[in-house]
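The following report looks at how some helices and side chains pack against one another. Please keep the sequence and the model at hand while reading.

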Amino acid sequence: MTTTRRTFLGAGAAALAHAMIARMADAQTAPTSAGPADPALIDDLVAANRILADQGVVDGYGHVSVRHPADPQRYLMSRSIAPETVTAADIMEYDLDSTAVDARGRTSYLERFIHGEIYRARPDVKSVVHNHSPSVIPFGVTTVPLRPLYHMSAFLGGGVPIYDIKAAAGGPTDMLVRNAALGRALAQTIGARPVALMRGHGAVVVGPSIQIAVFRSVYTEMNARLQAQAMALGGPVTYLDDEEARLAGGSVGGTVVRPWDLWRKKALGR
Ligand SMILES: [Zn+2]
């Protein structure tokens, strides 16, 4: 009887010790928080999710993030839900390995490595959008390059690289950027550019602010649609030349707040 009782207590103590060690290991591996971000920035991130959905850039899929203003090694992004439904309570914090700081049972986007690896490679980038924007898809799977057709998409001047995940992975995959190595390869593909297409998948768009990343996402979709229309009319198409793209990019770049305010009102006012 005594022996049985002692055995029982021993097993309980061992389980308790095991749980404590696991918790300590968790505390050691979970990244520390950079602290709460400005609520206005969280509002902008929520608005970005709603705008991208309202403008047809994302649907049930796609995501947008912002670098944490207090720590360049952290970024903020919604838990894994449709962008149109995102609220401030859904925003999570990640380190650049794309490990959640405080998951609390919330699930993360599978392709979050796109964000972490681009923030790591590009100190200038403050916001990243990943989307499956429908009109850009054909330009990722054909030999027709996506080029700036009008002043609103002047940022496409200088070329739009294409990420081929099969080359990055060394063989066929499920097409998803589901680990850091694939994210790093994508960061290498985009290089210093604002947009990269992803063959058979979508696009990644970056910017020095949420507003600019959203602006570029909307006008990349628009340019792709217009370019396909122009090409369908037949005959040669005249694109912005490099100098026009540079000049127009400078002029239009200063006005992004105007469509942002409009889109925000439309997307949040419903
Ligand atoms: Zn995707």
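At what angle do α7 and α9 pack, and how far apart are their axes? In this predicted model, the two helices α7 and α9 pack at an angle of about 80 degrees, with axes 10 Å apart. Because angles of 65 to 115 degrees count as roughly perpendicular, α7 is roughly perpendicular to α9. On the α7 side the contact is made by Ile210, Gln211, Val214, Phe215, Val218 and Tyr219, and on the α9 side by Pro259, Trp260 and Trp263. By class, the residues of this contact comprise eight nonpolar, one polar and no charged.

Val214 also has contacts beyond α9: leaving aside neighbours within four places in sequence, Val214 is in contact with Ala48, Ile51, Leu52, Trp260 and Trp263.

The largest nonpolar core holds 42 residues, of which Leu76, Leu197, Ile210, Val214 and Phe215 touch the most other members. The elements that give two or more residues to this core include those tabulated here, and α2 gives the most, with nine residues.

| Element | Residues |
|---|---|
| α2 | 39-54 |
| β1 | 63-67 |
| β6 | 195-198 |
| β7 | 202-207 |
| α7 | 210-232 |
| α9 | 257-268 |

Apart from this core lies another, of 24 residues, among them Met77, Met92, Val177 and Val204.

A charged residue offers a further point of interest: Glu117, in helix α3 (residues 113-121), is buried, with a relative accessible area of 2%. The side chain of Glu117 makes a polar contact with the side chain of Arg120 at 3.2 Å, and, not counting residues up to four places away in sequence, Glu117 touches Leu96, Ala180, Gly183, Arg184 and Ala187.

Technical notes:
Residues numbered from 1 in each chain as written. Predicted model: local features only at pLDDT ≥ 70, side-chain atom pairs only at ≥ 80, totals over all residues. Heavy atoms only, no water. Helix = DSSP H or I, 4+ residues; strand = E, 2+ residues; numbered from the N terminus. Buried < 20%, exposed > 50% of the residue type's maximum accessible area, 1.4 Å probe, protein only. Polar contact = N/O pair within 3.5 Å; in protein donor to acceptor, adjacent residues only side chain to side chain. Contact = heavy atoms within 4.5 Å. Core = buried A, V, L, I, M, F, W, Y, C linked by side-chain atoms within 4.5 Å. Axes fitted to C-alpha atoms, helices over the stretch in contact; angles between N-to-C directions. Parallel < 35°, antiparallel > 145°, perpendicular 65-115°, else oblique. Nonpolar A, V, L, I, M, F, W, Y, C, P; charged D, E, K, R; others polar.
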